[in-house]
Each structure stands twice: as C-alpha cells, then as structure tokens.
Amino acid sequence: MRQHTSRSGPLDTYLVGPKAAESYMKDKGNLPTKNSRYLAVHLRFEIDMAAHSLCDFGGGEEEREELEAYREIHFPALTHIKKTTKLPSPAALRAEGQCPLTPEEAVLMLAALGFKRRTPVYLAGAHIYGGKSRLSALTSLYPNLVTKESLLSTSEITPFMNFSSQLAALDFIGCAAADAFAMTDSGSQLSSLVTGYRIYFGGGRMPSIRPNKRRLASIFLKNSTIEWSEFEDRVRKAVRQSKQVHERPVARSVYRHPRCRECMCTTESDLV
C-alpha cells in the first residue's frame, strides 16, 4: 500500500517490528518521493451480517428469499422468533440504525467526507454479499481500491488461505497502518480492535471514522431531496459527533477502549 511513498507509517514499527520497517525503507530504491497516503475501509457486509440484521437491501423478493433460506440454516432460533413474534419492520430497523451500511451507502459517506477518486483504498473483509456487482459503486468511484487477495501474489497469500484468523490478521495490519481508517459497523471485532490499536499507539494522529448509523440513516433517507453541499455538511457533522475518544467505560474491553489508566498508565489530567 505504500509502494509510492518515501516514508513509513507511524505504526509500521509496531506492526512489523523495527528491523522490518527499517529494511523496508532501505529497499525503497528510486521510488518516487511523493507521499502516498491511503484509506482502509472495513466493509462489514457479508451474508451472515445481512441475514441476521433482518433488513432489506434493495434486492427485492429474490434477496428476501435468499436471506430467509440462509437464516433457516444458520440462524434457526432467529427464524423461529421471526415466525412467532412481531418484530420491527426493515424500515424501522434502518431508521434506528440497526442495519449494516451497504457498499452504496459507504461510498456516499466517504465521498461526503472528502475522499477523492484518486485515493488509494484498502478494503478489508471477507466475501461481500452480492459479490462484484454489489461492489461496483465502490470500485467505480475509487478505482485504486485493492483487497489482500488482489494486492498479494498467489505465493504470498496461499499459506494463509486455510486460516481465517490469519487472513483477518492481514486485514488488521492493512487497516491499523492506514493513514485513515473507516468502518461501517462499530460492533465488528476487527474494527474495534483496529480502532483501539490506533488509539493506543497513534498518539492522536491516526484518525478512525466510526459512523453513527442512526444519524446516517436519517440523512440517507433524505438524500434525494437535498443539495450535495448540504448532504456533505450533514454527514460530516454526524461523523464528528461520534468520533471523540472517551475514557474506557466500566467493564468494557481495554483492547477496544484503551483510553484508561489501567492500560495507558497516564495521569487523570492526560485522560481529558
């Protein structure tokens, strides 16, 4: 991801070790000196996430039947509850921010936040529900988008292919090292751990974008009736309101919330 930059990232030493980071810089040779920053996005939109959410994603009856069939096999208890209990409608779930952001909604958010077409993007995640056709909005607006599968050669990625946790570790490195990191679901373990790592080691210089899906849902529902400049302002305000780093709540994981005296070894004034 840093093939066109003359500098290493602030967290490279922590992620790959000082010797590897140093040797990487020595091997840069005659690469261009222009800095190349990149954005990492964890798009949590696999079929299990889509099915469990009970939301609609614009695929009509075929999509509903496919997700229902998946629930019957993988989430039988949820299928039973759905048949015996009155649950909120998909529209109500979306309005409450309970639905995962779709790739199309992720594109709108990133564009509104000012990420330009030329931005290099590292896309983390497993198999996106809907495949390449569902990713077309992302790849069309951000042609410099790569995944671990497209970035690494066959010989490089083959040793990891049968180990899901190791594949996730590759995504962790790609996301943690990024100049900016955006997630589409703050409940994701990978996104939470990446954010915590960037808080702990980043010294306040490694921005992580954690959207408030409820606020965004309200904005998206009105996006056909407002000007783009107003849409940008609303999205940026929604993200600003949810980006603050707070001291770790009681009984919450220090990996996800390292801003605490037990983990950071700081004084009370440093936590303000």
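**Strand β4 and the cavity**

In this predicted model, Ala 182 stands opposite Ile 209 in β5.

Reader: So how many bridges join β4 to strand β5, and in which sense do they run?

Author: Ala 182 and Ile 209 face each other across these strands. Strand β5 covers residues 208-209 and runs parallel to β4. The count of bridges joining them is two.

Reader: What about the pairing with β1: which residue of β4 is the bridge partner of Ala 40?

Author: Strand β1 takes in residues 39-42 and pairs with β4 in the parallel sense, over four bridges. For Ala 40, the partner in β4 is Phe 181.

Reader: Which way do the β4 side chains point, and are they buried or exposed?

Author: In a regular strand, side chains alternate between the two faces of the sheet. Here Ala 180 and Ala 182 point one way, while Phe 181 and Met 183 point the other way. As for accessibility, all of them are buried.

Reader: Which handedness does the β-α-β unit of β4, helix α13 and β5 have?

Author: Helix α13 spans residues 189-202 and belongs to the unit along with β4 and β5. That unit is right-handed.

Reader: Switching to empty space, which helix gives the most to the lining of the largest cavity?

Author: The structure holds one cavity of 30 Å³ or more, and about 60 Å³ of space lies in the largest. Its lining includes Arg 94, Cys 99, Lys 213 and Phe 220, and its residues divide into six nonpolar, one polar and three charged. With four residues, the top contributor is helix α14 (residues 213-220).

Methods: Residues are numbered from 1 along each chain as its sequence is written. This is a predicted model: local features need pLDDT of at least 70, side-chain atom pairs count only at pLDDT 80 or more; totals for chains, interfaces and linings use all residues. Side-chain values use heavy atoms; hydrogens and water are left out. On a 1 Å grid over the protein atoms alone, a cavity is a set of points where a 1.4 Å probe fits but cannot get out, and a pocket is an open set with protein on both sides within 12 Å along at least five of seven lines; lining residues have an atom within 4 Å of a point. Grid points are joined across faces, edges and corners, and a volume is the space filled by probe spheres set on the points. Ala, Val, Leu, Ile, Met, Phe, Trp, Tyr, Cys and Pro count as nonpolar, Asp, Glu, Lys and Arg as charged, and the others, Gly among them, as polar. Buried means under 20% relative accessible area, exposed over 50%, partly exposed in between (1.4 Å probe, protein chains only). Two strands pair if DSSP finds at least two bridges between them. A crossover is right-handed if, with the strands pointing away from the viewer, the path from the first strand over the helix to the second runs clockwise.
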